[in-house]
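Me: I've got this chain open and I'd like a close look at one spot, then a walk outwards from there. Could you take me through it?

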Amino acid sequence: MATDCEAWLIANPVEAGNLSDSFPSGDEDNTFTGNVDNEINGNWISAPTGSIHEARLKAKVKRRLRKNSSRDSGRGDSLSDNGESVRSAVPPTSPKGKLLSRKSRMGKGRGLPKKGGAGGKGVWGTPGEVYDEDEVDVKDPNYDAEQENCVYETVVLPLDEETFEKTVTPIVQEYFEHGDANEVAELLAELNLGGMRGDVPMLAVSLALEAKASHRELTSRLLSELCGRVLTATDVEASFHKLVKELPDLVLDTPGAPQMLGQFIARAVADNILPKSFIDGYKGRVDCEYARAALDRAAVLLRMSRWTGLRIDSLWGSGGGQRPVNQLIKEVNLLLKEYLLSGDTVEAERCLRELEVPHFHHEFVYEAVIMVLESKGERTLQMILQLLKCLCASTIITVDQLRRGFERVYLDMADLSIDVPCAYSLLEQFVEQSFNAGVIDKKLRDLCPCRGRKRFISEGDGGRLKLEGY
């Protein structure tokens, strides 16, 4: 029997895969041993244990390789001489190594993000991608058929009295600085004025009464621009009615409010934003003396414009930098001539302030120095020096404007000396006295040009040097 069993094993060798597949996971080693022992004890008397033991070891190693293949992908096991498994690193050229590598297997990658940055967790797509509108699902439990035709708009609440004053006042005050009526119209159009729309002209005129003449001119232009765009003629008329009624309160802050309001009314009628019947409607129905003075002033101005051709469109005058340069130069020269006749520095200071051109004060300094050079008199020199000293002390004329004025004179001395031969000597005298009075500094004094002096010997002078200046 042993001979037959051995012959059968030689003819049908036992494979490790067949042995491992015939046993379930768990205690397959014990089951294999028990079956072999039973067969040997039951059927076979003796058997070669070496071949059976070798087959058992091979099957066991095969099972271990299967278990570790999923965990240790990229690593391989091999058998040593004594039958133990030995792990070895997988060469980089193996298929498993390529699967684990993050590098491009094509060898053409540029290191850019995957899918152009549109992939990955928490990414909604490539930058700049626009998605279509989501379609409403009819089967959605929250679906409402009435919401499909809804139009959503931003609702701006109407301004109340307190919010209106806080919002519109800064807009008007900024307009006094930049003078752009279109910007004011755009800002007011964004607000929901509601019932406070008619108070816009009233607020603008009230602020202009306490401001300068140039601001009142800007206010008249603003009312003309807003009428038809933001305001209606009815709103403007209702606002002026309120101003006439509140004149007693306005006089407390601005004593000349009745005359100014009368000019605003006349200007509004001339600009066709206020009906001509506005003044006639108050005849015989005015009890307040301030209202009567304002209406009389407006009526007189309109009558003068009709009879004498008075231009009401420039009633306030164009103030500040809105006037042309030639006109500003004429007003500066007129101011200096009036000062030389009167000698009143306070009045000259007030007139210079009313020009509202602080950026153009260098022209005032320039014209004043030129007047000193052309007059050739000591009285003019002392009066101009006193005026510049007072204006610099009150900071009406800044150091920068004063420097620019003197430097302009220095640059024009070559042309001035043609009309005034002694201009260089007069300029040196005026600059030196200005430095002693503290009007200019040492650096500006040293910049003063001086004409070169010629020394020569002529025939018949006995060899004497001539020191006269030319």
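Is M196 buried or exposed, and why does it count that way?

Reply: Bear in mind that this is a predicted model. M196 counts as buried because its relative accessibility is 15%, and the cut-off for buried is under 20%. As for where to look, M196 is in the loop between α7 (181-190) and α8 (200-209). Leaving aside residues up to four places away in sequence, M196 touches L159, D160, E161 and F164. Right by that stretch in the numbering is E165, 31 residues from M196 along the chain, and the C-alpha atoms of M196 and E165 are separated by 9.7 Å.

Now for the nonpolar cores. The largest one has 54 residues, and F240, L261, I265 and F278 have the most contacts inside it. Helix α12 (residues 257-270) gives the most to this core, with eight residues. L261 is a good one to click on: not counting residues up to four places away in sequence, L261 touches V205, L209, F240, L243, V244, L247 and A294. Another core, of 47 residues, lies apart from that one, and L328, V332, L385 and Y424 are among its members.

On to the charged pairs: there are 16 salt bridges. Take E217 and R221, whose side chains meet at 3.1 Å, N to O. These two are separated by about one helical turn, because they are four residues apart in helix α9 (residues 213-226). E217 is buried, with a relative accessible area of 2%, whereas R221 is partly exposed at 35% relative accessibility. The pair also belongs to a network of salt bridges that links E217, R221, R267 and D271.

E54 and K58 form a salt bridge too, with the closest N and O atoms 3.6 Å apart. Here again there is about one helical turn between the partners, since E54 and K58 are four residues apart in helix α4 (residues 49-71). E54 counts as partly exposed, at 44% relative accessibility, and K58 counts as partly exposed at 49%.

Finish with E363 and R408, a salt bridge whose closest N and O atoms are 2.7 Å apart. This pair links distant parts of the chain: E363 is in helix α17 (residues 361-375) and R408 is in helix α19 (residues 399-411), 45 residues apart. At 5% relative accessibility E363 counts as buried, while R408, at 27%, counts as partly exposed.

Note on methods
Residues are numbered from 1 along each chain as its sequence is written. This is a predicted model: local features need pLDDT of at least 70, side-chain atom pairs count only at pLDDT 80 or more; totals for chains, interfaces and linings use all residues. Side-chain values use heavy atoms; hydrogens and water are left out. A nonpolar core is a set of buried Ala, Val, Leu, Ile, Met, Phe, Trp, Tyr and Cys residues joined through side-chain atoms within 4.5 Å. Buried means under 20% relative accessible area, exposed over 50%, partly exposed in between (1.4 Å probe, protein chains only). Contact means heavy atoms within 4.5 Å. A salt bridge is a side-chain nitrogen of Lys or Arg within 4 Å of a carboxyl oxygen of Asp or Glu.
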